[in-house]
Amino acid sequence: MSKSHAVLKFLRKVHLYLGVFTAPALLFFALTGALQTFSLHETTQGSSYKPPAWIAELGQLHKKQTTVLPVRKPRPEAAGPDRAPGPDRAPGPDRAAVAASAAVGPAPAVPSSPRPKSHLPMKIFFLVVSVGLFLSTLTGIYMAYKYSRSKLLISGLLLAGAGLPLLLLPF
């Protein structure tokens, strides 16, 4: 056997074993990345959507390597002239603000900003990439079992790749 053939055979085995060991993580990141592409792991301002706890925890694990979700403080209400009168504020408009706006004159017209571009095409592209990575990883696992003589070694590497991150999770 030539030296280049031996190196190629060695590299194929390294590729196989590393691929099988990292396959569970690739499946995890492809799935959670697809969920995060459409912000299904978090609530957005002005939306009533509340993600399921498992999606929020998986998203947190994907981004911060922990399942502990941060406690979000509620946003304070905007303090503007239209807020309700309180003990420190008399009802009615602020006289100084009314006088200042009358002295300046009418407000200049603000040019309308151009309509923001839609991010949907890019999100769809990354969803396709996530699905492709997920399916490619599954077919790689299938081929590892189908064409390998050492199914026990493949199973051990696959279980180690799935179990090791679970053991490393901080609780």
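1. A helix, in the sense used throughout this note, is a DSSP run of H or I that is at least four residues long, with helices numbered from the N terminus. On that footing, α1 gives the most to the lining of the largest pocket, with 11 residues. The structure is a predicted model, and the remarks that follow should be read with that in mind.

2. The largest pocket holds about 710 Å³ of space, and 23 residues line it. Besides α1, the helices α4 and α5 belong to the set in which each element supplies at least two residues of this lining. Sorted by class, the lining comprises 11 nonpolar, eight polar and four charged residues. Nearest the centre of the pocket lie Arg12, Lys13, Leu16, Ala144 and Ser148.

3. Ser148 deserves a paragraph of its own, since the loop that holds this residue runs between α4 (120-147) and α5 (151-168). Is Ser148 buried or exposed? Its relative accessible area is 11%, and because the cut-off for a buried residue is under 20%, Ser148 counts as buried. The side chain of Ser148 reaches the backbone nitrogen of Ser150 at 3.3 Å, and, once neighbours within four places in sequence are left aside, Ser148 is in contact with Leu16, Met143 and Ile154. Of these partners, Leu16 is also listed among the residues nearest the centre of the largest pocket, while Ile154 is one of the buried residues of α5.

4. The helix α5 itself has 18 residues and spans 26 Å from its first C-alpha to its last, which is close to the 26 Å expected at 1.5 Å a residue. Its buried residues are Ile154, Leu157, Leu158 and Gly161, and these pack against α1 and α4. The helices α1, α4 and α5 thus named in the packing also each supply at least two residues of the lining of the largest pocket.

5. Two backbone conformations may merit a check. Most residues other than glycine have a negative phi. Ser39, although not a glycine, has a positive phi of about 55°, and this residue is found in the loop between α1 (3-37) and α2 (53-64). Gln65, likewise a residue other than glycine, has a positive phi near 60° and is found in the loop between α2 and α3 (95-104).

6. As for the surroundings of these two residues, Ser39 is partly exposed, with a relative accessible area of 24%, whereas Gln65 is exposed, with a relative accessible area of 52%.

How values were computed. Residues are numbered from 1 along each chain as its sequence is written. This is a predicted model: local features need pLDDT of at least 70, side-chain atom pairs count only at pLDDT 80 or more; totals for chains, interfaces and linings use all residues. Side-chain values use heavy atoms; hydrogens and water are left out. Buried means under 20% relative accessible area, exposed over 50%, partly exposed in between (1.4 Å probe, protein chains only). A polar contact is a pair of N or O atoms within 3.5 Å; within protein, one must be able to donate a hydrogen and the other to accept it, and residues adjacent in sequence count only if both atoms are side-chain atoms. Contact means heavy atoms within 4.5 Å. The expected span of a helix is 1.5 Å times one less than its number of residues. On a 1 Å grid over the protein atoms alone, a cavity is a set of points where a 1.4 Å probe fits but cannot get out, and a pocket is an open set with protein on both sides within 12 Å along at least five of seven lines; lining residues have an atom within 4 Å of a point. Grid points are joined across faces, edges and corners, and a volume is the space filled by probe spheres set on the points. Ala, Val, Leu, Ile, Met, Phe, Trp, Tyr, Cys and Pro count as nonpolar, Asp, Glu, Lys and Arg as charged, and the others, Gly among them, as polar.
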